[in-house]
Amino acid sequence: MSIRIALENQPEFYTNLDVVRGQIIISLSRNEHVGAIIVKLEGESKTALGIPPDGSGTGISARELGPSGDILTENHKILYKVAQVFPDETKPVMPPPIILAPGQHRFPFQFKIPFNNACGNPEAMGRIGGLAGPSGIAASSGLFGLGGIRVMDGTKQLLYTHVKKTLPPSFTGSPGEAEIRYYIKVTIQRPGLFRENWRYQIGLKFLPIEPPRQAKTNQEAYARRPYTFRPKSRSPSPGPEPKKRSGLFGGWSGGHGPKPDAAAALPSPTAATPTSPTIGTNGTLDVQPPPTPTSPSIEMSARIPHPAILTCNKPVPLRLIAKKLAAVDAEVFLIALQVDLIGETIVRCQDLIHTEVTRWVVTSKQGLSIPVSRPGDALNSETVLPDDLWRNIPLPNTVMPSFVTCNLRG
């Protein structure tokens with residue numbers, strides 16, 4: 001005996017309102033008594049989190065806690081559709097077993113993927129359960145015609161908190177902790193006290209339909225940060241000075257450590273150093289002098305269109321702009337650039353919440369020499385950095401779309 005599920009024209013990803021068609025193919029080597037053949041289209045959103053030793057955030061009193069290492073789980077049936085493909089649904093409930101002859105037998109099926117999750121409908125979930133007849137009641141064939149076939153107990157879903165949202169995408173980035181999976185499952189009922197039902201399943205990949213995008217505007221979301229270069233302080237005693245570093249556009253002084261991310265060429269022999277106090281070689285506190293008119297200062301801003309929408313396999317619509325904040329005849333160069341995309345997945349399991357952070361490096365460039373401020377530039381003038389540093393680099397296809405479901409948000 002063998003069971004196989006053959007899907008017709010299977011795409012790489014299914015999406016909302018797609019029709020999943022296929023056949024259940026059963027190969028038998030001898031006569032078999034079969035009561036019914038049931039096919040299910042299921043989607044599950046599972047989370048599991050360990051209970052803190054003190055039980056904080058769980059709503060469980062200390063005396064009710066089990067041994068350390070206990071794990072809370074939450075499983076939402078975000079998609080649940082059932083169809084009886086054999087015998088015909090017009091047959092009476094719990095008909096007598098039918099003998100299938102040796103050979104290959106094919107039973108077609110089809111499901112239409114809905115738009116929203118199923119577990120958010122308490123009325124529908126409450127009707128499913130036990131031995132199935134009409135939506136889980138064994139009195140008649142009804143909606144599913146599943147006489148004698150045990151299906152999911154939907155009343156268990158009523159114990160959880162639900163949201164009604166678009167079906168989330170397949171997600172396997174945190175196995176054991178958070179997963180969203182979709183399946184086609186088949187159950188072949190074999191009547192008899194000691195005869196086990198045959199079961200088989202395959203997985204599907206799902207991506208939801210993108211909601212309608214807003215019309216393009218000239219608005220931009222931005223993040224900006226100023227950088228000021230300060231003259232190097234002179235050490236009161238001879239000897240090598242300790243290494244000192246500022247932020248992205250700061251510099252190093254003394255030693256042979258890594259090169260700065262950006263450098264400023266000043267008319268005087270002083271170099272750019274951080275603005276925070278440092279410990280001198282004689283053990284005293286060296287406080288940096290306040291900024292002077294000869295200290296170059298710029299503001300870097302990163303801008304993307306608003307509302308911000310990023311698309312897989314397409315470059316980031318990013319603009320980097322440098323603004324001159326001090327009227328100083330000095331040059332500032334960008335010599336390194338790294339663009340990261342940071343994603344957060346918020347995992348909820350009953351009253352526990354955990355945030356998983358994922359980082360994708362979009363681009364990382366070293367050894368650049370791009371001027372961001374020139375001596376002849378006017379005060380408050382802006383310099384747009386060339387976008388060829390990231391324009392031709394698409395986002396990796398491992399970046400999943402944003403989504404919200406009952407126990408996961410990404």
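pLDDT is the predictor's confidence in each residue, from 0 to 100. The model shown here is predicted.

**Figure 1. Two stretches of the chain have pLDDT below 50.** One of them covers residues 243-287, where pLDDT stays under 50. The model still has 104 contacts for residues 243-287, counted beyond four places in sequence. The chain as a whole has a mean pLDDT of 76. Of its residues, 71% reach 70 or more. Residues 130-148 also have pLDDT below 50. That stretch has 56 contacts in the model beyond near neighbours in sequence.

**Figure 2. The whole chain has 1 helix and 20 strands.** It contains 410 residues, and 38% of them are buried. Its accessible surface comes to about 22600 Å². Carbon and sulfur atoms hold 53% of that surface. Among contacts with a separation of 6 or more, 72% join residues 24 or more positions apart.

**Figure 3. The largest nonpolar core has 44 residues.** Ile24, Ile37, Phe109 and Ile184 touch the most other members. Several strands give two or more residues to this core, including β1 (2-7), β2 (19-28), β4 (36-50) and β5 (71-86). Also on that list are β7 (103-112), β9 (178-189), β10 and β17 (331-349). Another core, of 23 residues, lies apart from it. Ile298, Val332, Ile370 and Leu385 are among the residues of that second core.

**Figure 4. Ile37 and its contacts.** Neighbours within four places in sequence are left aside here. Ile37 is in contact with Ile26, Phe107 and the run of Ala83, Gln84, Val85 and Phe86. Val186, Thr187 and Ile188 are also in contact with Ile37.

**Figure 5. Val20 in strand β2.** Val20 is buried, because its relative accessible area is 0% and buried means under 20%. Residues up to four places away in sequence are not counted in what follows. Val20 touches Leu7, Tyr14, Ile113 and Ile184. Phe109, Gln110 and Phe111 touch Val20 as well. In sequence, Val20 and Phe109 are 89 residues apart. Their C-alpha atoms are 8.2 Å apart in space.

**Figure 6. A nonpolar patch on the surface.** Leu17, Phe115 and Ile209 form the patch. Together they have about 250 Å² of accessible area. Ile209 sits in the loop between β10 (198-204) and β11 (220-228). Ile209 counts as partly exposed because its relative accessibility is 35%.

**Figure 7. Two cis peptide bonds before proline.** Most peptide bonds are trans. The bond from Phe86 to Pro87 is cis, with omega near -10 degrees. Pro87 lies in the loop between β5 and β6 (98-100). The bond from His306 to Pro307 is cis too, with omega near 0 degrees. Pro307 is in the loop between β15 (297-305) and β16 (319-324).

**Figure 8. Positive phi at Asn313 and Gln350.** Most residues other than glycine have a negative phi. Asn313 is not a glycine, yet its phi is positive, at about 65 degrees. Its place is in the loop between β15 and β16. Gln350 is not a glycine either, and its positive phi is about 55 degrees. Gln350 is in the loop between β17 and β18 (352-373). With a relative accessible area of 36%, Gln350 is partly exposed.

Definitions and conventions
Residues numbered from 1 in each chain as written. Predicted model: local features only at pLDDT ≥ 70, side-chain atom pairs only at ≥ 80, totals over all residues. Heavy atoms only, no water. Patch = residues over 30% accessible without salt bridge, like charges linked within 9 Å, V, L, I, M, F, W, Y side chains within 5 Å. Areas by Shrake-Rupley, 256 points an atom, 1.4 Å probe, with all protein chains shown as cover. Salt bridge = Lys/Arg side-chain N within 4 Å of Asp/Glu carboxyl O. Helix = DSSP H or I, 4+ residues; strand = E, 2+ residues; numbered from the N terminus. Buried < 20%, exposed > 50% of the residue type's maximum accessible area, 1.4 Å probe, protein only. Contact = heavy atoms within 4.5 Å. Core = buried A, V, L, I, M, F, W, Y, C linked by side-chain atoms within 4.5 Å.
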